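Here is a short report on one chain fold. Look over the sequence and the structure before reading on.

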Amino acid sequence: MMDYSKVLNPAVCEIKPSGIRKFFDIAATMNDVISLGVGEPDFETPWKIRKAGISSLERGKTKYTSNSGLIALRKEISNYLYRKCNVSYEPESEILISVGGSEAIDAAIRAVVSAKDEVIIPEPSYVCYEPITTLAGGVPVVIETKAEDDFKLTKKQLLSAITDKTKALILPYPCNPTGAIMEKEDLEEIASVLRDKNILVISDEIYAELTFGGKKHVSIASIEGMKDKTVIVNGFSKTFSMTGWRLGYAAGPKEIIKQMTKIHQFAIMCAPTTSQYAAVEALKNCEEDVLSMLKEYDRRRKLMVSTFNEIGLTCREPKGAFYAFPSISSSGLSSDEFCERLLKEKHVALVPGTAFGKGGEGFIRASYCYSPEHIIEALKRTKEFLDTL
């Protein structure tokens, strides 16, 4: 009989499954569950994008593309990054099309991290950075960002985390789950620490278009002296409501992109061809669709934040992404206890802050990429739950 303990990779076995999924596995067995947990836009992919994908299929555009992706798409990404971030990238050598942003993060980490190298990860943040670093043989070095700093990474925190083993810094802003953003002056402080160091910044900018209150996203690659130290990771899932199309990209120094492309070449070959043709249309002709979705997210954001505060869960204003991150300290429950009881007693699914790192204890994540009616009902039940405590 097979002894799988002698076959499986111990590093993989020790990784905990995503804390985001736990509550949805439970919810799937229950009736009448209303969820604010999944970070997936409820809008359909704009018709112009779908039409471009359909047209590519009708024209028989179903073959492999180059490993790096369609040159037409890489040119549009180059134009987009110059237009939005004021940073220039060569389409031929400094841009790689990936299967979602997550693959680009994985390839970037694997391209630079060797055994025992350290990767600095501000948390609470998206769940993939730590396990990917571990699988690459690296050592995650977690910085717990603070509510009183609006969950921004500070210069002081970064300085205290850097050692002679530091290889990379993950910069996850706008941030899932906190909704925090880093403004230009914040990034200048971070850049002042890194300019004279051989530390790569992997800047996860998947929510770059989703900023509110007149705060436009600033990429650290646009800060003086940082372009050649930064790999920008972005994609089409959140901005264009294209989650199922599985398309992302990385832009950075050609020396890094070349190595990332080799990893991509052997693990993936190329990103989905149909999705790439659709993405060309998204970047060329869908600015108005993005602005329309952003306006609606802003309306839902204000509704959610004000309601959380009204029912007694202190909620700071999220300035980016589409998540609120209220404190549940007034409940007297841990994040896990709060979410488990809310799900069982009121059939509302939220995500405990601890799913995004230890620094998330005392908080929960709620997504406002749901309809206002959906949000109102979920928070009505949450108030009823709080009233029973």
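## A parallel pair

How many bridges join strand β3 to strand β5, and do they run parallel or antiparallel? The model is predicted. In it, three bridges join β3, residues 118–123, to β5, residues 166–171. The two strands run parallel. One residue pair can be named: V119 has A168 in β5 as its bridge partner.

## The seven-stranded sheet

Both strands belong to an open sheet of seven strands. The order is β2-β8-β7-β6-β5-β3-β4. Pairing in this sheet is mixed. Strands of a sheet pair through backbone hydrogen bonds, either parallel or antiparallel.

Why is one side of β2 and of β4 left without a neighbour in the sheet? β2 (95–98) and β4 (139–144) stand at the edges, and each has a single partner strand, so one side of each stays free of a neighbour in the sheet. From one strand to the next, the twist averages 20 degrees.

A helix lies across one part of this sheet. It is α4, residues 71–85, and it lies across β2 and β8 (248–251). Relative to β2, helix α4 runs at about 115 degrees.

## The three-stranded sheet

There is also an open sheet of three strands. Its order is β9-β12-β11, and its pairing is antiparallel. Here β9 and β11 (351–352) stand at the edges with a single partner strand each, so one side of each lacks a neighbour in the sheet.

Two bridges join β9 to β12, which spans residues 364–367. These strands run antiparallel. A324 has A366 in β12 as its bridge partner.

## An aromatic link

How many aromatic pairs does a search of the whole structure find? The count is 13. Y207 and Y323 form an aromatic pair that is edge-to-face. Their centres are 5.8 Å apart, with 80 degrees between the planes.

This pair links distant parts of the chain. Y207 is in the loop between β6 (200–204) and β7 (230–235). Y323 is in strand β9, residues 323–324. The two residues are 116 residues apart.

## Backbone details in the loops

Which peptide bond leading into P124 is cis? It is the bond from E123, with omega near 5 degrees. P124 sits in the loop between β3 and α6 (129–135).

The peptide bond from Y173 to P174 is cis too, with omega near -5 degrees. P174 is in the loop between β5 and α8 (184–194).

D150 has a positive phi, near 55 degrees, in a residue other than glycine. Its place is the loop between β4 and α7 (155–161).

## A nonpolar patch

Which residues make the nonpolar surface patch of about 430 Å²? They are M2, Y4, V7 and L8. Of these, V7 is found in the segment before α1 (10–13).

Definitions and conventions
Residues numbered from 1 in each chain as written. Predicted model: local features only at pLDDT ≥ 70, side-chain atom pairs only at ≥ 80, totals over all residues. Heavy atoms only, no water. Patch = residues over 30% accessible without salt bridge, like charges linked within 9 Å, V, L, I, M, F, W, Y side chains within 5 Å. Areas by Shrake-Rupley, 256 points an atom, 1.4 Å probe, with all protein chains shown as cover. Salt bridge = Lys/Arg side-chain N within 4 Å of Asp/Glu carboxyl O. Helix = DSSP H or I, 4+ residues; strand = E, 2+ residues; numbered from the N terminus. Pairing = 2+ DSSP bridges. Axes fitted to C-alpha atoms, helices over the stretch in contact; angles between N-to-C directions. Contact = heavy atoms within 4.5 Å. Phe/Tyr/Trp six-rings, centres within 6.5 Å; stacked < 30°, edge-to-face > 60°.
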